[in-house]
Each structure stands twice: as structure tokens, then as C-alpha cells.
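Visitor: Hi, I'm new to this one. Could you walk me through it?
Guide: Sure, let's look at it together.

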Amino acid sequence: MNELVSYRQLGEIAVITINNPPVNALSPGVPEGIAAGIEHATADDHIKGVILIGGGRTFIAGADIKEFGKVIAGEKEEGSLLPLLLLIEDSTKPVVAALHGSAFGGGLEIAMACHYRVADKAAQVGQPEVKLGIIPGAAGTQRLPRLAGVERAVEMCVTGAPVNAADALASGIVDQLIDGDLLAGASAFLREKIASGRAHPKTRERHDKLGDEAANAAIIAAAREKAKKTARGLIAPITAIDAVEAATKLPFDEGCQFERKLFEQCLFSDQAKALIHVFFAERDVAKIPGLSSETKSIEIKQAAIVGAGTMGGGIAMNFANAGVPVLLKESEQGALDRGMAAITKNYANTVRKGRLTEEAMQQRLALIQPTLSYDGFENADIIIEAVFENMALKKEIFAELDQRAKPGALLATNTSSLNLDEIAAITSRTASVIGLHFFSPANVMRLLEIVRGQATSDEAIVTAFALAKLMKKVGVLVGNCHGFVGNRMFFQYMREAYFLVEEGAAVEAVDKALTDFGMAMGLLAVDDMAGIDVGVRVRQENKRNEPPGRRQPLVVDKLYELGRYGQKTGAGWYRYDENRRAIPDPEVAALIERLAGDAGIKRRDISALEIVERCIYALINEGAKILEEGFAWRAGDIDIVYLNGYGFPAWRGGPMWYADTVGVKNVYDRVCALHAEHGAWWEPAPLLKQLAENGGSFAAWDKEKGTQK
Ligand SMILES: NC(=O)c1ccc[n+]([C@@H]2O[C@H](COP(=O)([O-])OP(=O)(O)OC[C@H]3O[C@@H](n4cnc5c(N)ncnc54)[C@H](O)[C@@H]3O)[C@@H](O)[C@H]2O)c1
């Protein structure tokens, strides 16, 4: 039919195959090729039925997301699949969709317009559009409830979660599962349908699963209530419910028109733009300019970790979860036992929640070998140090590792704040030394900052990215500056929260403004969770590198003095009940008022808008400095750090994307005003100024500079 879609005959059956690797996305040419295949089969009297199947590893995994980007940018019109779907459904010859791999988004919409669907046992189906801030736009919300019922359809369209083949069969989305060869199975199924002589069902004409008004009203109301909580701030999930509801109330054609209108509203929304940016930023993050594509990763067959504390234990679990044996070394038996007990408890909790089998837990535990010696470290392909944050101790350990590790092994430190180059310099192999900055809890958090030292080799970097992938994390390459990317920005962000409470904002008002903005947690609640003692120590350390004479927060140091370390002591910025629920504490409010009064700080009403601007613009301003200084490649990389390590809402695209959404000029003007009002902390980043003055954006900067260095 064309180079993306082929057509062949198997006796009386026409086989239309999509060949658009890697995932048979619906790029331009694919829908046209399928349509041509259907027309060809219709015109050929010898043909009695059609099979639509994917070549390679999957059926159709969805739309070509690059094309959405072009539509949003106004470079092309959105081409609707609806005419193709009607062509398939109205075909005089039965069409079977044969599914393997994934049938997602437009892929499932096409399959649902076929008269029948058969699936390989490992296939998955889904309408994941909400993950990009949109809803199905080719009758997915209209046909799915007709096949699977209203409740299932709502759930699939709201969560975007995939459904496995067995569930798809049980809920009526597919008609039969195929054991063995898919094409042979689909052919046998189709021959039977042809032989039966019965009419072939059109999904759009079915009403049997659409339920009654009262039941649907309850389902829809419950879904709306749930989405308000689980999809906080997101437009698309709520919109998807409206679209499925329309399927229960309107004739099919009107339902499709209604869906189309909602789809377009979503596609041009800031949320879709942000989520599509995130999709591409995440793909770009591993593309390192200047790194030869020939560079190969070390094979990671054996790992070793020094330090079985909070981080070491979590990192060991990551290796075990990926099936890699790992030695876990401690300095004394008590600490080793505590470390292993924490790991076991962690796995047991997952088993209790039904997310891991007892057997898998035992297999994973067996991969973690506790030890008090360095024996076996000579076999490790990668060694990660996670001992106390102390330079002398880290140097001692790296000197030892230098003696023991095999040539070429990756030597990594999990330091959050120490100078990587100083640690590397103690070894005779600086090229193999790298920072791997995991986030706590290390077995949960998806972010991995990969810190490149002065001498770190390309091979070490490629291996670190391979490790991130192996552990199902997102690795971001950052430079060796204090706090790297995430924490360096976080210091500025936290500082503003401290100042805001001293100037008059209530503790809970600061947190509420940020969670209303979409952050996973408020900053002061985060401070209580991470430990005020930890934060104070870090800030004291930072102070040594700061220009003198800058305003310093007062209250947090007092909380520290009072032993209010946060959740772990039952009190910090908040009080905590026995369920660790945060309760605003009048004592803290009084303390803040007294200290601010003593320091002569004028207290005033502070709006939620000011809270958000001061906290988020502090992030952006520091992000711009990091970018210009070359400690991050791309603004998009910074966004990925904040989305995966700091609870920034994906639908706002990350702090740098958010700056573009607000307008860099607007952000810059506000930063200048804050600079005039609050002084040196708000010194505008030169890059922010430059972009503002030239009408630029971080996205445009990325396009121009982010691929060059
Ligand atoms: N906790 C976090 O949130 C976090 C996040 C990112 C990075 N980090 C960094 O990770 C590192 C570890 O932090 P942590 O929170 O896991 O600390 P931790 O205090 O929980 O654990 C450190 C462990 O190292 C062990 N240890 C000390 N000397 C040792 C030696 N010679 N051989 C073997 N084991 C030894 C200690 O007994 C202790 O169990 C630090 O560099 C820290 O800055 C921590």
C-alpha cells in the first residue's frame, strides 16, 4: 500500500500489516496505508475478510507524538482518524484486529472500529492519552464503553493505565486470546466468522453495555469525585469523564463530535503542551552532546556498595530488583544487621501490600550479600560508596577501592555535597570516578543525578546512564557544583519559604499555596520530613560559601535549638499526631511572631500568589544560573530533575518550562522587583535577563544551545 503499510493475501483473507518501527506509531502515511488496504480488499471479490496486524514487536502503540507537537505549534492541521474508522467499520468484509505488544491510544481506537479483536496473551490495551494532557480523540471514549461498559471505560480513560489481555477479554474489549502464532490464530478465528454467515458487529451500533441512566449517573459521579483527589489540578482526566458520559447520553455521531471538541480544547491547553514537553525532555535527557555513539557501557554483572545506611540499603535493593548480585559492606556488625533488617522490612511491606510475592522477595534478598570485608570487591563492575558525608572518610574508602577494584570498574560516590574531583584525586583512576546522587528513599525515587567530574570518562557516563535504565530510573547528567542541580536550586526555594513565614505568612499558608500550585508537598512539611536538623547542618555548610552579609532565616535555627527536628521528634514546623498527621502549631506561630518582632521584620498579609512567585521564581532564577554556567545541559534536564526528585507537577512541565509559560520577561521583571525589595539573594541570573530582553525562552535556548556543547 505504501512503505509503512503492506498488503498481502492468504487465500481468501487479506492481511494488512503496519511496518513503522519501533512502535508502529500512527505517523503520516500509516492511516492512509490502512485505508488503501481496506479499499483494496473491498474491491477484490476473492477476498472474504481482512486481518489488521502490526509488524515487529507491537500492534499500534499510539499517535506519533511529534505530530501533536506540530499541530500545537500551528505547523499543521490535526488529521482526524474518524473517517478511517468509519471506513473500517462499514467495510462489507469483516475486519479482525490482531493485537500483540500494545494497542494504545489511536491503536486501540482503530482496533475498536474493527468488527473483531483477537490478542496475543501478552498484549496490552489502553487509552493513555491523559498522560499527555489530552483525551482520546478518535471515538475512543464512545466505542470503549460500548465494548467494556461505562465503569471500565471511565477508569481506563481517566487513569490511562494499560489493561492486560486477560482483563481485556473478560471486559469484552477483545473477543479471543490466541495461543501461539497470532496470524494463524487470527486467520482461524476470521474463517470461522466468515463461515458462520452471521452479520459482523459494528461497535458503534452496540448499546448492550451502555447501562441505564441511574447506574451511569452513580458511576460518573463517583469517578468525578475520585479524579478530583487522584488527578489534582489536571484537566484531562475530568474531561475524559465528560466525554464517556456523552457516550451514555448522545447518539454515537453526536458523541464523537462532542469528544472531538473536548479533545481539541485539551490539545491546545498549557497542560498538554507541558506534558508533551516532559515526554520529549525525558527522551532527550540521555542524549549527551559530544559523547561518541560508539562509547559502550561496562556490563553490570556484579555490584558492590560501601555503607548499609539509609541510602546504601535502598541502592542495594535497586540492584537486587534488577537481578544484579550486590555485596553490601558495613564497618561493624550492628550497622550491617540494622541495614539488612531495614531492607527485609521494606520488602516485607511490599509483599504485605500484594505488590511482590514471598518467593520474589527471597530471590531478591538472596542477591544482597552482607559483608564486613572488601573480599569480592575485585569482581565488582560497579562500586557505590554511601558512607557518612565526611570527606576524610570518603577519601579513605576511595583509596582502598583504588587498590581493590578491577581495572575499568566504575567507582561512584553518593555524596550530596562534597567535591567529586577531590574524592577522585585520591585514586589513580580519576576517569572511572563518578557521582551517582540517588534520592531518598533510593529504592523509590526515580531521579538519579549523574555527576561528571573533571576527568570522568565517556564510558563511565554511558555506564551510569545504563545503570539508571537498569534500575528503571531517569538519569540526568549534571556538573560538579555545590548541591549539583536539584539541591542547589532547592536551597534558594527553601530560603524563600523561611523568609515568607517571618514576613507574615502562616506556615500552613505557605504549604497550601505550593500544594495548590501542584507541588506534591508543601516546603515546610518537606523540611519536617527530611529533618530540620539535616537542613540546618546543610545550611551552615552552605553559609561558608555564601557572600557575607546576606539575610539569614531566624526561626528554623530556633526550632533546631528547641529540638523540634520535624516528624522524627513529633514536632517541627508542625506538630504530629500518632499517625504522623501534620497539625498547625500555635506555639510555632507565636515563636515566629516573637522572633520576627525582635528582629524588626514588618509583618504583613501575604497572598498565595506572592508565596508561589517567591518560591518558584527562586527556583527558576537559580536554574538559569546553573544552565548558563554549564552545570546542566538543557533547561529540559532541569525540569526532569524537578519532576522526578522534588514533586514538581508534570502538568506544569518543570520550573524552566513554567517560566516559559508565564513568559520569561514577566518572570524577569518580577525577579528584578524582588531584587529591589529584598536585596542580594534575588540578583537576577544574567541568562534570565538576556532571554527577557531578546524575547527568548528556555525552550528556544535548548533548541539552539542544548545540543551543541
Ligand atoms: N539520606 C539522604 O537523604 C541522602 C540523599 C542523597 C545522598 N545522600 C548521601 O549518601 C551518603 C550516605 O547517607 P545516608 O543517609 O545513607 O547515611 P547513613 O548514616 O544512614 O549511612 C551511612 C552508613 O555508612 C556506614 N559506614 C561508615 N563508615 C563505613 C566504612 N568504612 N565501611 C562501611 N560502612 C561504613 C555507617 O555505619 C552507616 O551505616 C552520604 O554521603 C549522604 O550525603 C544522602
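Visitor: How far is a polar side-chain atom of Asn-414 from an oxygen atom of the ligand?
Guide: That separation is 2.9 Å for Asn-414. Keep in mind that this is a predicted model.

Visitor: And how much of the ligand does the protein cover?
Guide: On its own the ligand has 830 Å² of accessible area, and the protein covers 78% of that.

Visitor: Which residues come nearest to the ligand?
Guide: There are 22 residues around the ligand, and the nearest of them are Met-311, Glu-330, Glu-389, Lys-394 and Asn-414.

Visitor: What about Glu-330, how far is its polar side-chain atom from a ligand oxygen?
Guide: For Glu-330 the distance is 2.5 Å. Lys-394 has a contact to mention here too: an N or O atom in the Lys-394 side chain is 2.5 Å from an oxygen atom of the ligand.

Visitor: Which helices and strands supply at least two residues of that shell?
Guide: Those are α13, covering 310–321, α16, covering 391–404, and the strand β15 at 433–438.

Visitor: Which one gives the most?
Guide: That's α16, with 3 residues in the shell around the ligand.

Visitor: How do the shell residues divide into nonpolar, polar and charged?
Guide: You get 9 nonpolar and 9 polar residues around the ligand, plus 4 charged.

Visitor: Switching topic: how many cavities of 30 Å³ or more are there?
Guide: The count comes to 1. About 40 Å³ of space lies in the largest cavity.

Visitor: How does anyone find where empty space is left?
Guide: You roll a probe the size of a water molecule over the atoms, and that shows it.

Visitor: Neat. Which residues line the largest cavity?
Guide: Its lining is made of Gln-492, Arg-495, Ala-618, Asn-621, Glu-622, Lys-625 and Trp-681. By class, that lining has 2 nonpolar, 2 polar and 3 charged residues.

Visitor: Where does the largest share of the lining come from?
Guide: From α25, which gives 4 residues. The helices α19 (486–503) and α25 (608–629) each supply at least two residues of the lining.

Visitor: Let's talk sheets. What is the order of the open sheet of 3 strands?
Guide: The order is β5-β7-β8, and the pairing is mixed. At the edges sit β5 (102–104) and β8 (163–164), each pairing on one side only.

Visitor: What holds strands of a sheet together as pairs?
Guide: Backbone hydrogen bonds do, with the strands either parallel or antiparallel.

Visitor: And how many bridges join β5 to β7?
Guide: There are 3 bridges, and β5 and β7, the latter at residues 124–126, run parallel. If you want a spot to click on, Ala-103 stands opposite Val-125 in β7.

Visitor: One more thing, the backbone. Is the peptide bond from Pro-21 to Pro-22 cis or trans?
Guide: It's cis, with omega near 5°. You'll find Pro-22 in the loop between β2 (13–18) and α1 (30–43).

Visitor: What kind of peptide bond joins Ser-440 and Pro-441?
Guide: A cis one, with omega about -5°. Pro-441 has its place in the loop between β15 and β16, the strand at 447–452. You met β15 earlier, as a supplier of at least two residues to the shell around the ligand.

Visitor: Back to the loop between β2 and α1, where Asn-24 lies. What is the phi of Asn-24?
Guide: Asn-24 has a positive phi of about 55°, although it is not a glycine.

Key:
Residues are numbered from 1 along each chain as its sequence is written. This is a predicted model: local features need pLDDT of at least 70, side-chain atom pairs count only at pLDDT 80 or more; totals for chains, interfaces and linings use all residues. Side-chain values use heavy atoms; hydrogens and water are left out. A residue is near a molecule or strand if one of its heavy atoms lies within 4 Å of it. A polar contact is a pair of N or O atoms within 3.5 Å; within protein, one must be able to donate a hydrogen and the other to accept it, and residues adjacent in sequence count only if both atoms are side-chain atoms. Accessible areas come from the Shrake-Rupley method with a 1.4 Å probe; for residues, only the protein chains shown count as cover. Ala, Val, Leu, Ile, Met, Phe, Trp, Tyr, Cys and Pro count as nonpolar, Asp, Glu, Lys and Arg as charged, and the others, Gly among them, as polar. On a 1 Å grid over the protein atoms alone, a cavity is a set of points where a 1.4 Å probe fits but cannot get out, and a pocket is an open set with protein on both sides within 12 Å along at least five of seven lines; lining residues have an atom within 4 Å of a point. Grid points are joined across faces, edges and corners, and a volume is the space filled by probe spheres set on the points. Two strands pair if DSSP finds at least two bridges between them.
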